[in-house]
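This report introduces a protein structure to a reader who has not met it before. It deals with nonpolar cores and with backbone angles.

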Amino acid sequence: MNHTRLHWVFIAGTAAAVGIGTAFGTRAFTQLVDSKLPDARGIASFNRPGTITLLSSRGRVIQKLGPATRDKVRPGGMPLIVQQAFISAEDRRFFQHDGVDSWGIARAIVTNVRQGAIREGASTITQQLARIVFLSQDRTITRKLKEAALSLKLERQLSKQQILEQYLNHVYLGSGAYGVSDAAWIYFSKTPDQLTIPEAALIAGLPPAPSIYSPLVNPGLAIKQRALVLNRMVQSGWISRDAAKTASESPLALKPATPKYFNSAAPYFTTWVAKELPKLVTPEQLEVGGLKVRTSLILDWQFKARDVILENAPFDTEGVMVSIEPDTGLVRVMVGGRDFSKSQFNRATLALRSPGSTFKLFPYAAAIDLGLKPETIVVDAPRCWNGYCPRNFGKKYFGKISLADALKNSLNTVAVQLQDTVGFDAIIKTANQFDIGTNRPLGKYYPMAIGAYEQTVLDMAAAYAGVANRGMFIKPTPFEEIRGPEDHVLWSRRVDGFRGRRALDIDVADTMNWMFQRVVSGGTGIAAKLEDRQVAGKTGTSEGARDLWFIGSIPQLTTAVWFGHDNNRETKSNSGQAAWAWKQYMLQIEKEIPIQTFPPKPVLNRPWRVPGKEELKITENETVYAGRKHEDEPTDSSGVIELVPQAPSLGSPFPQLRPAPAPPLRESAQTLKRNWLKPKIQAR
């Protein structure tokens, strides 16, 4: 007898020992080891190592990661023909044995010894299920004994139908298919109830060697296995010989499909989830798997947002949309580009783009915090700061104008004047409170006020959400809850999430929201106006219209829209397109959000103060230069405050960004002409 035959005789002898032990000492053996075996009823929560299920906020599956059964058949829903095919192929005495089939073992011994190879399996369906869920695939006597004991326990704790259904939902069937439902979809693009007799027989023939018998790998071997299963179905009395003959002669008729939930329904969002998840769970928890992650995403909104970006992106630009719930930080929508299949780069979280005039939130908020008011009158006129000459959109200047109207019309010169009046430090501190500039420090250069420092859409959306939340900033998160394999909670936003921090005083935030409402009701953001509810928002356009922004809020939701080219080409459009896209999105979801109003404009009683200088009270007949009172200057009764720059004492490697001593109040025409010819950054 050659070595191979000896090998099979040894395996057969081991199996026989298990069968004999089962036949004559089942009860004693079971009682001895039963207390040390896992509870078979836990099989209902079985997950293979490394599996992760990502769910939407409303419980819909977004994606399944790892070797997971992606689609299960519910109890009582497994088609009869599928059950019959698997019983015929794998365990003809399934309804007669108690978990281990002594007669089946004996039959397999005879068949396999005669042929010198394994031609017939001895493991029952119950044993296979025990091995899949609780044991390894090692071929050892110890493992076989454990398998037998677990099978007996399974049979005591579960019904035959429950065992069969669990097996059919978990058995590996090749080509990434775990369970019958996955296999029906991957091979035939069908659900189990749509399978024909030859299709069910083909799938039932896969378990002995699923990677080899897969019809996508070896169609010839798959056909032979199908014929074998059909013959056994005839022997079991499930089908007639004529039906088996017809089925054997039928073509494979494969119609391959990607496994369900293999691809993400929101791929840009789930790439962000994959990056953030290791921050909340351990490597061991990820490895063990069985994680169910309920994310913040509202899938219906996500699909609507994606369609809006595709339909409204001007001149084939890329587009981004992010929606955040201000009072929780939950990211309800994240569209990171037009087409994930063409570009996996998530522009929502990774692309650094000039925020344009959306950055004006910070100099205006700092100015209000330090004592200026929306009614404060400033002078809007061309002015240069040591070679840096910001200009308004369309080179239009208003002269004397209130701060509220300056923001409404997105006047760049006023934003830069505010920056010099309150100082760089006050603006940077305000931005930092919203996590802007904490990872990429903001430099003290004049163009900062109008968006020279690039930011991500997610970060800017989170900052505006903090303002909508009356100054309470909550870091954006994609997670609501994370549960482990036993369905216990590993992390919960309500218990473990970021509680938020006070970024602006309530009266400052309410003032900013009031001014942002005027931007939408009659200013640069009018394209975003909704007829039945208040909208607070701001447009932003970088130089050359390379970046088009609109960030708008209703009290319960803040949404940022961005359009632009990856190579930073000019868009040949304007920020009104982003505002319009914002509106198209909101019109589709607003019915799900109750109408609420922002708090009314507050009464501000803050004394004017400049960091490092004593507090001053501004009267109607005083003109203030950089926080210094000049009673001898000619004024009228209009309460004009001419904001003249303070000179920071630092240098810059960029000539157009170089800060320098404050220029005289009134520059010569020659100086203005010369400075207009230098490089400029404009934003709106």
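The paragraphs below describe the nonpolar cores and then two residues with a positive phi.

The structure is a predicted model. Its largest nonpolar core holds 87 residues. Within this core, the members that touch the most other members are V322, L361, F362, Y364, F434 and M512. Helix 19, which spans residues 457–468, supplies the largest share of the core, namely 10 residues.

F434 may serve as an example of the contacts involved. Leaving aside residues up to four places away in sequence, F434 touches F362, A463, G466, V467, F473, R501, A503 and L504. A second core, separate from the largest one, comprises 52 residues; M78, A177, V229 and I239 are among them. As a general point, nonpolar side chains tend to be buried together in soluble globular proteins.

The backbone offers a further topic. Most residues other than glycine have a negative phi. S189, although not a glycine, has a positive phi of about 55°. A253, likewise a residue other than glycine, has a positive phi near 50°. The table gives the place of each residue in the chain.

| Residue | Loop between |
|---|---|
| S189 | helix 7 (180–188) and helix 8 (197–204) |
| A253 | helix 11 (241–249) and helix 12 (267–276) |

How exposed are these residues? S189 is partly exposed, with a relative accessible area of 21%. A253 is exposed, with a relative accessible area of 52%.

Definitions and conventions: Residues are numbered from 1 along each chain as its sequence is written. This is a predicted model: local features need pLDDT of at least 70, side-chain atom pairs count only at pLDDT 80 or more; totals for chains, interfaces and linings use all residues. Side-chain values use heavy atoms; hydrogens and water are left out. A nonpolar core is a set of buried Ala, Val, Leu, Ile, Met, Phe, Trp, Tyr and Cys residues joined through side-chain atoms within 4.5 Å. Buried means under 20% relative accessible area, exposed over 50%, partly exposed in between (1.4 Å probe, protein chains only). Helices (H or I, at least four residues) and strands (E, at least two) are DSSP runs, numbered from the N terminus. Contact means heavy atoms within 4.5 Å.
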